[in-house]
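Please examine the sequence and the structure shown below. The paragraphs that follow lead through them step by step.

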Amino acid sequence: DVFMKRRRLQQMPSMVCSSSSDHDFKEDKAKAEAWGQKREDHLVKAVQMDRLNRHAWNELGLLFLERGVLDKAITYFKEAVYLDPDQCAVWINLGVAYHLAGHLEETKRVLERALELDPTSVEARNNLANLYKKQGELQKAKNEYIKCLNDLNASLRVHNGESQGTAQAAGIPIRPKEELEYQIAQTHNNLALVLIRERNFNRAMQNLQMAERHAPLTCVKKNREKLSELMKQESHLLLKDENTATPQGDA
């Protein structure tokens, strides 16, 4: 699944080279770790100076979410939620942390609260759909992903010529086009994973192809390649069954 966080992690610029040695990789990793530690120290000082700094608590949560230290991420997001209970973004981040930690009931409660605060939040809706998929409620998951796509595509139409005033009157949030393309790709990818579980391979492939048209996500490419291989295997097995079927004659 691709999870959506309202407030993005700040990341170092990519240092990928055409051919890198093991020494280069270790050096880049060390730089990233040093930068992360510096950022952590800065945020810790910020909350020590002002315990009511909800932005710093949220950023600490994002930092530890990125590291995979989920218990600390949850603690920091809960502080941010306590200080800013009407901010949808921090509820979404807490929901992602709960989901990754396997606390599914808490995830549902938190994401539903996020949607109460902002019914147009595709981040909250996408992550709630991820939860439904994990719980095996595939129809609910599909419904939420489709709602996400409807909202995102409606917003994208503004950039493709639709009146911004008309969109705002309809309650459609106006988002940066690059962000929209990225989120549409994420949602098509997640919907495709549900369709694969339903063995609806053709529709799943259509969604992965749509995702690639909007943004070149690595996960989408890998999923498309895996699905192509799976479809070939299924086709081969079907052909084998047809060739080995025993003819049935009249009695």
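At what angle do helix H6 and helix H9 pack, and how far apart are their axes? In this predicted model, helix H6, which covers residues 122–134, packs against helix H9, which covers residues 177–197, at an angle of about 15°. The axes of the two helices are 11 Å apart. Because angles under 35 degrees count as roughly parallel, H6 is described as roughly parallel to H9. The crossing of these two helices is left-handed.

The residues that bring the pair together can be located on both sides. From H6, the residues that take part are Val122, Glu123, Asn126, Asn130, Lys133 and Lys134. They meet Glu179, Gln183, Thr187, Asn190, Leu193, Val194 and Arg197 in H9.

Beyond H9, the chain enters the loop that leads to helix H10 (201–214), and arginine 199 is found in this loop. The phi of arginine 199 is near 65°, a positive value in a residue other than glycine. Most residues other than glycine have a negative phi. A positive phi also appears just after H7, where glycine 161 takes a value of about 120°.

Helix H7 itself deserves a closer look. This helix runs over residues 138–159 and contains 22 residues. From its first C-alpha to its last, H7 reaches 32 Å, which is close to the 32 Å expected at 1.5 Å a residue. Which residues of H7 are buried? They are Leu138, Ala141, Lys142, Glu144, Tyr145, Cys148, Leu149, Leu152, Ala154, Ser155, Leu156 and Val158.

Histidine 42 offers a view of another part of the chain. This residue lies in helix H1, which covers residues 22–49. Is histidine 42 buried or exposed? Its relative accessible area is 56%, and since a residue counts as exposed when this value is over 50%, histidine 42 is exposed. Histidine 42 and alanine 56 are 14 residues apart in sequence, and their C-alpha atoms are 9.1 Å apart in space.

The description may now turn to the whole chain. The chain has 11 helices and zero strands, so that its pattern along the sequence is written with α alone, as α-α-α-α-α-α-α-α-α-α-α. Of its 251 residues, 41% count as buried. The chain exposes about 14500 Å², and carbon and sulfur atoms supply 50% of that area. Among contacts between residues at least 6 apart in sequence, 58% join residues at least 24 apart.

Methods:
Residues numbered from 1 in each chain as written. Predicted model: local features only at pLDDT ≥ 70, side-chain atom pairs only at ≥ 80, totals over all residues. Heavy atoms only, no water. Helix = DSSP H or I, 4+ residues; strand = E, 2+ residues; numbered from the N terminus. Buried < 20%, exposed > 50% of the residue type's maximum accessible area, 1.4 Å probe, protein only. Contact = heavy atoms within 4.5 Å. Areas by Shrake-Rupley, 256 points an atom, 1.4 Å probe, with all protein chains shown as cover. Expected span 1.5 Å × (residues − 1). Axes fitted to C-alpha atoms, helices over the stretch in contact; angles between N-to-C directions. Parallel < 35°, antiparallel > 145°, perpendicular 65-115°, else oblique. Left-handed = near helix turned anticlockwise from the far one by under 90°.
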